[in-house]
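Welcome, and thanks for taking a look at this one. Have the viewer ready, and we will go through the binding sites one by one.

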Amino acid sequence: MTKILNADLHCHSVVSDGTLTPEDLAARAKANGVELWSLTDHDEIGGQARALAAAKALGMRYLTGVEISVTFIGHTVHIVGLGFDAENEALAQGLRDTRGGRKQRAMEMSDDLARVGILGAYEGALPFVGNPELISRTHFARFLVESGVCKETNEVFRKYLTEGKPGYVPHRWATLKDAITWITQAGGMAVIAHPARYKFTPNEEYALFTEFKALGGQGVEVVTGSHSAAEYVTYGHTAREFGLAASRGSDFHSPAESHTELGTLPLLNKELTPVWELLGSRIQ
Ligand code: AMP
Ligand code: MN
Ligand code: MN
Ligand code: MN
């Protein structure tokens with residue numbers, strides 16, 4: 001097999017909080033020169049068969065993917081799973097359970113926004129929702145932009161929907177142990193998504209990486225749309241320190257909202273072991 005350089009192993013479709021179909025994402029990845037692609041919808045693998053079929057039709061290699069929402073020491077952390085068997089029943093059940101509380105949470109978010117005079121946010125978010133089990137903060141953000149409360153989604157996440165701001169409802173997601181177990185028992189690799197996003201203290205971050213590794217996690221995103229160039233270097237060191245493979249992914253959600261396009265990030269530093277080198281037999 002020729003050496004893969006342009007892998008994009010993190011993005012979202014209408015099956016979670018992206019705005020494009022799996023087919024449109026595959027075409028966009030291919031057009032941007034992606035050689036190995038993965039669709040990683042939040043808490044949901046309902047788009048995997050379509051993504052795989054679209055990738056194959058375009059002659060692009062594919063790894064199954066998912067991004068699982070986890071609560072770790074009171075913070076939300078995202079764990080990407082790659083190369084698992086998408087038919088695995090324990091994984092499917094775990095993801096169903098993880099999705100389970102989203103509707104109730106959304107209604108509470110709407111009630112909280114009503115307290116500051118923003119009415120009808122639940123009903124307003126629904127037209128943006130592609131998957132009724134997967135209503136997310138992103139859909140509320142699109143409603144707040146459409147209704148003129150904010151100019152763009154970044155402004156929404158500065159003023160609303162985040163800790164201490166109107167519309168924020170704390171939620172208990174999967175445990176780190178469960179998420180890693182579901183992924184690895186389905187034959188896949190667990191990867192810490194965008195570690196710089198969590199605003200952990202050094203001790204908290206050390207605890208995350210230590211526990212992740214002890215529970216069987218094998219990778220970390222180093223080059224992602226959520227990291228700065230300096231953070232590519234920082235987390236490249238962290239990967240080596242913890243003996244983790246490195247991943248690369250844009251976290252693309254939407255042509256209108258995402259500043260990082262599929263397949264356009266810098267390549268991984270040659271000193272790092274790419275996750276796809278350990279996942280050779282899982283590549284389709
Ligand atoms: P949820 O899973 O419902 O809590 O929604 C999380 C999603 O909200 C993330 O996957 C992002 O798509 C979006 N999000 C969270 N924080 C931000 C931010 N600061 N800027 C833009 N999008 C964000
Ligand atoms: Mn998202
Ligand atoms: Mn994420
Ligand atoms: Mn993501």
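## The pocket of ligand 1

In this predicted model, the largest pocket is the space that ligand 1 takes up. On its own, ligand 1 has 510 Å² of accessible area, and the protein covers 79% of that.

If you would like to select the shell, the residues around ligand 1 are Asp17, His42, Arg102, Arg105, Ser136, Arg137, Thr138, Asn154, Phe157 and His253. Three helices each give this shell at least two residues: helix 4 (102-115), helix 6 (137-146) and helix 7 (153-159).

## Polar contacts to ligand 1

Which distances might you want to check here? For histidine 42, a polar side-chain atom is 2.8 Å from an oxygen atom of ligand 1. The side chain of histidine 253 has an N or O atom 3.0 Å from an oxygen atom of ligand 1, and for threonine 138 the distance from a polar side-chain atom to a ligand 1 oxygen is 3.2 Å.

## The manganese ion, ligand 4

Now to the metals. Which residues are the protein donors of the manganese ion (ligand 4)? They are His10 and His12, each through NE2, together with Glu67 (OE) and Asp251 (OD), at 2.1 to 2.2 Å from the ion. Along the sequence these donor residues have the spacing H-x1-H-x54-E-x183-D.

Histidine 10 sits in the loop between strand 1 (7-8) and helix 1 (22-31), while glutamate 67 belongs to strand 4 (residues 65-72); the pair links distant parts of the chain, 57 residues apart. Histidine 10 and glutamate 67 are both buried. From the manganese ion (ligand 4) to the manganese ion (ligand 2) the distance is 4.6 Å.

## The manganese ion, ligand 3

Glu67 also appears here: the manganese ion (ligand 3) has Glu67 (OE), His78 (ND1) and His194 (NE2) as its protein donors, 2.1 to 2.2 Å away. Their spacing along the chain reads E-x10-H-x115-H.

Histidine 78 is part of strand 5 (residues 75-82), and histidine 194 is in the loop between strand 6 (189-192) and helix 9 (202-214), so this pair ties together parts that lie 116 residues apart in sequence. Are these two histidines, 78 and 194, buried or exposed? Both histidine 78 and histidine 194 are buried. The manganese ion (ligand 3) lies 5.7 Å from the manganese ion (ligand 2).

## Putting the metal sites together

Glu67 is a donor to the manganese ion (ligand 4) and to the manganese ion (ligand 3).

Methods: Residues numbered from 1 in each chain as written. Chains lettered and ligands numbered in written order. Predicted model: local features only at pLDDT ≥ 70, side-chain atom pairs only at ≥ 80, totals over all residues. Heavy atoms only, no water. Donors = N, O, S within 2.8 Å, 3.2 Å for Na, K, Ca; no water. Helix = DSSP H or I, 4+ residues; strand = E, 2+ residues; numbered from the N terminus. Buried < 20%, exposed > 50% of the residue type's maximum accessible area, 1.4 Å probe, protein only. Near = heavy atom within 4 Å. Polar contact = N/O pair within 3.5 Å; in protein donor to acceptor, adjacent residues only side chain to side chain. Areas by Shrake-Rupley, 256 points an atom, 1.4 Å probe, with all protein chains shown as cover. 1 Å grid on protein atoms, 1.4 Å probe; cavity = no way out; pocket = protein on both sides within 12 Å on 5 of 7 lines; lining within 4 Å. Sits in = over half its atoms within 2 Å of the grid points.
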